[in-house]
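User: I'm new to reading protein models, and I'd like to go through one with you. Could you take my questions step by step?

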Amino acid sequence: MALQAELVQAGLSVTRDEPMSAHTTYQVGGPADLFAIATGEEQLLFALQRARTLGIPSFLLGGGTNLLVADAGIRGLVIAYRGGRHTFRDADGEVLLWSEAGAPLKELARESVSHGLSGLEWAVDIPGTVGGAVVGNAGAYGGYICDCLRSVRVLEPDGTVHELGKADVTFGYRCSKFKQQAREERSIVLDVTLALRPGDAAEIRERAAQCTKRRWERHPPEPSCGSVFKRTDNYPAGFLIEQSGLKGERRGNAMISPKHANFIVNLGDARATDVRALIELARERVKTQFGEELELEVELVGQW
Ligand SMILES: Cc1cc2nc3c(=O)[nH]c(=O)nc-3n(C[C@H](O)[C@H](O)[C@H](O)COP(=O)(O)OP(=O)(O)OC[C@H]3O[C@@H](n4cnc5c(N)ncnc54)[C@H](O)[C@@H]3O)c2cc1C
């Protein structure tokens, strides 16, 4: 394939028929026709531009932590972005953290905490990239990435690159303007600038430690995508699913976690269709019993 050769020539690591189960925290998902790892912006821009010119659909993978990939896999090119350079710099009493979008959010958060910087304490255990976090407005324990976002640099589908301020990203609950764009017309987040506040280092460390503690007490240990559904206007989704009597419900090797009902976990070699069947079951049961519509937080990707 011409594209594969071009990407290899440009220094990307490329494989064919790569199982997406190896690149998602769910450990579920069939093959991507072509899978490429871009370690920096130049490689990312090249891969996206060549795929577009050749009319090959492309999908940008962050950490693969919020995705359910179909058993039939993904047609076209999947690019995993690993560009993770980042810097901290003082600016008028704040510290600006600039980072390429492929950096792991939790590593940025832990580094910030270790520097005595406040703003990302809630994120010290959240998997995935900082780019993915901006797209889904990741958050926990009252903190959201939008709270400290200053700006993002994005690549538009027409190939132009420009900077957006926080207000231009129109964040909502687990949502940004990027997530609302049709997938083939989505902007790509190239890098982000976060504004952090210097503070009492011991207090900041303690807040981060409390977040870690709460997480390990409540979250199931098996492979998952984190929360499957968003909370509704009235209730946490896990509460509704639990009250519907679905904890422990299984389809194949997928199970609604007995520990936290908003997690559907992979007990080993679960298929995407098994997870999907539990998603539909939870939706139907909650709608019937409570009249509440559950909206997905996890994104379904690939050939369903
Ligand atoms: C155990 C566990 C716990 C979790 N806990 C939380 C939690 O407490 N709070 C929370 O908010 N989330 C949580 N999550 C979900 C997940 O960590 C976040 O949604 C995360 O921010 C997703 O980032 P990612 O890089 O993995 O994105 P991916 O899953 O790889 O991609 C998600 C979407 O973002 C797009 N995307 C990724 N990078 C870019 C980019 N640079 N430019 C444009 N589009 C991009 C992808 O194309 C895709 O559409 C949890 C997940 C797991 C597995």
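User: Where is Trp304 found?

Analyst: Quick heads-up: this is a predicted model, where local features need pLDDT of at least 70, side-chain atom pairs count only at pLDDT 80 or more, and totals for chains, interfaces and linings use all residues. Residues are numbered from 1 along each chain as its sequence is written. Strands (E, at least two residues) and helices (H or I, at least four) are DSSP runs, numbered from the N terminus. On that numbering, Trp304 sits in the segment after β17 (299–301).

User: Is Trp304 buried or exposed?

Analyst: We count other C-beta atoms, placed from the backbone, within 10 Å of the residue's own: 20 or more is buried, 12 or fewer is exposed, and in between is partly exposed. Trp304 has 12 of them, so Trp304 is exposed.

User: How many Å separate the C-alpha atoms of Trp304 and Ala70?

Analyst: Along the chain, these two are 234 residues apart. In space, their C-alpha atoms are separated by 5.5 Å.

User: Which strand gives the most to the side of domain 1 that touches domain 3?

Analyst: The domain assignment, which is automatic or from a database, gives domain 1 (2–81), domain 2 (86–218) and domain 3 (237–301). The contact (C-beta atoms, placed from the backbone, within 7 Å) takes 12 residues from domain 1 and 10 residues from domain 3. On the domain 1 side, three residues come from the top contributor, strand β4 (residues 67–69).

User: And which element gives the most to the shell around the ligand?

Analyst: The ligand is surrounded by 31 residues, where near means a C-beta atom, placed from the backbone, within 6 Å. The elements giving two or more residues to this shell are β3 (58–61), α4 (130–135), β9 (139–140) and β13. With four residues, the top giver is α4.

User: β13 came up there. How many of its 11 residues are buried?

Analyst: Strand β13 covers residues 188–198 and has several partners, where pairing takes at least two DSSP bridges between strands. Strand β7 (residues 94–100) pairs with β13 in the antiparallel sense over six bridges, and β11 (residues 149–155) also pairs antiparallel with β13 over six. β13 is mostly covered, and its buried residues number eight.

User: Which residue in β13 is the bridge partner of Leu117?

Analyst: Strand β8 (residues 117–118) pairs with β13 too, antiparallel over two bridges. Leu117 belongs to that short stretch of residues 117–118, and its bridge partner in β13 is Pro198.

Definitions and conventions:
Contact = placed C-beta atoms within 7 Å.
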